[in-house]
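Take a slow look at the chain below. We will follow one helix first, then some unusual spots in the backbone.

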Amino acid sequence: MNGEVPASNWDKFCARPGTVRDGVSGRIACDHQRHFEEDLDLLESFGIEHYRLSISWPRILPDGRGAVNDQGIDFYDRLIDAALKRNIKPSVTCFHWDMPQVLESKGGWLSRETAEAFADFCGILGKRFGDRVQTWYTLNEPNVVWRFGHEHGHHAPGRKLRDGALYQVMHHMLLAHGLGLAALRATTPSFARIGIAENLYSYEPAQPSREDVNAAKETFHRMNRWFLDPLFHGHYPEEEWDQLEDAVPKVLPGDMDIISIPMSFFGLNHYSPMGVVSAAGGVRPFEDWHPRTDFGWPIRQESIYWTLRFFHEIYRPVSIEITENGCCFPDQIGADGEIHDNARIAFLAGALEAVSRAYQEGVPVTAYYLWSLMDNFEWAEGYTKRFGIIHVNWETLKRTPKASAHWYSSFILN
């Protein structure tokens, strides 16, 4: 690609003044491309046997469709083979927010062509890596891309859409999931497991009374059903759809059948609870709740239990994978050369206990992926938020395992 033309919509977004903290970009980040052998060695040393990675769409198809960039796809060949060599199973996400800029310039998710191009991309990945990759995720957090990238403009592509255009983006992203899933099914062996990863709005009951639990469950359903009903029921929420009137998106015959193709599992990303719900007083946000993470998110690990429980009771997914869960804190290397991130250890211990509680009560949780392996580029926050269990020095790119890495290793090995 010409250096003057950004390869992805995030490259172009980062180049706009005022969009990303400190004016940085993700072009280098933790430079996993050049350090992947070292990073996989760390994974192996911790005893971690599954590695969730994403494949950059513009690296494989700089023009969105058509000719494959051999240099780009060869890198992922090496990465996947290197993981398998260490007995680490790679789990692949096909879209983690970066889109070829050429497609964005044609409308991005506003255009149906983007959903069709994504299916082509998934088919290429399935043919190339399907013999070695067992677990696939089509899209990562389409509701976040929809809300932050297309309504509020805080993420790429920085749009501020309204009404029909906004819901058209939603429909095309869900359609891309269905088309991508079908393309992966057609190009991968029968053992392949395929799903989506979504960040659901999370609500808790104020008290464990039947009335408060039912009120929290109803709020959870109301706030998440625009993305979940199409996936599991094959239609949009009927009452809300009617209220859109002239703002309804264009839906072609057969679209909803494609969107609702059965998945092998549902990937749940969970970070921040939205509020406490009581039958008498409605939703109360966590405005005064302490402590919080460095993102300002309330630390209430039990919220993942309620999210798992409500989701299971309403939609009955075959399997749920926790595809992201973690927290950020301003970690610093101490005088002893160590990083004592005890707050993260406490967070993870509480979250894993809550997941275990849901599992013991019959929720079909089949996997847990920590976010994240190492500190990284955190979108509009740049490099100011550290989620990793491995510290990255942004000047030297030196990796230093934090105390949480050793705790997590001990937890999964025992």
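The expected span of a helix is 1.5 Å times one less than its number of residues. Keep in mind that this model is predicted. Now turn to helix H2, which covers residues 32–46. H2 has 15 residues, and a straight helix would reach 21 Å at 1.5 Å a residue. Yet the end C-alpha atoms of H2 are only 18 Å apart. Where is the kink in H2 centred? Look at glutamate 38: the kink is centred there, and its angle is about 40 degrees.

Next, see which parts of H2 are hidden. Its buried residues are His32, His35, Phe36, Asp39, Leu40, Leu42, Leu43 and Phe46. An α-helix has 3.6 residues a turn, so residues three or four places apart point the same way. Keep that spacing in mind as you read along the list. What do these buried residues pack against? Their partners include two helices' worth of residues, 70–85 in H4 and 403–413 in H14. Strands E1 (50–54), E11 (390–392) and E12 (399–401) are also among the partners. Just after H2 comes glycine 47, with a positive phi near 80 degrees.

Stay with H14 for a moment. Isoleucine 412 is found in this helix. Together with Phe411 and Leu413, Ile412 makes a nonpolar surface patch of about 280 Å². Is isoleucine 412 buried or partly exposed? Isoleucine 412 counts as partly exposed because its relative accessible area is 35%, and partly exposed runs between 20% and 50%.

Now for the backbone. Most residues other than glycine have a negative phi, and most peptide bonds are trans. Look for the exceptions here. Aspartate 22 has a positive phi, near 65 degrees. Its place is in the loop between helix H1 (9–15) and H2. Aspartate 22 is exposed, because its relative accessibility is 64% and the cut-off is over 50%. Glutamate 245 is not a glycine either, yet its phi is positive, about 55 degrees. Find it in the loop between helix H10 (238–244) and helix H11 (255–259). Glutamate 245 is exposed too, with a relative accessible area of 60%.

Which residues are joined by cis peptide bonds? One such bond links alanine 156 to proline 157, with omega about 5 degrees. Proline 157 lies in the loop between helix H7 (142–151) and helix H8 (163–187). Another cis bond joins tryptophan 371 and serine 372, and here omega is about 5 degrees. Serine 372 sits in the loop between strand E10 (365–368) and E11.

How values were computed: Residues numbered from 1 in each chain as written. Predicted model: local features only at pLDDT ≥ 70, side-chain atom pairs only at ≥ 80, totals over all residues. Heavy atoms only, no water. Helix = DSSP H or I, 4+ residues; strand = E, 2+ residues; numbered from the N terminus. Bend = angle between axes of the 7 residues up to and from the residue. Buried < 20%, exposed > 50% of the residue type's maximum accessible area, 1.4 Å probe, protein only. Contact = heavy atoms within 4.5 Å. Patch = residues over 30% accessible without salt bridge, like charges linked within 9 Å, V, L, I, M, F, W, Y side chains within 5 Å. Areas by Shrake-Rupley, 256 points an atom, 1.4 Å probe, with all protein chains shown as cover. Salt bridge = Lys/Arg side-chain N within 4 Å of Asp/Glu carboxyl O.
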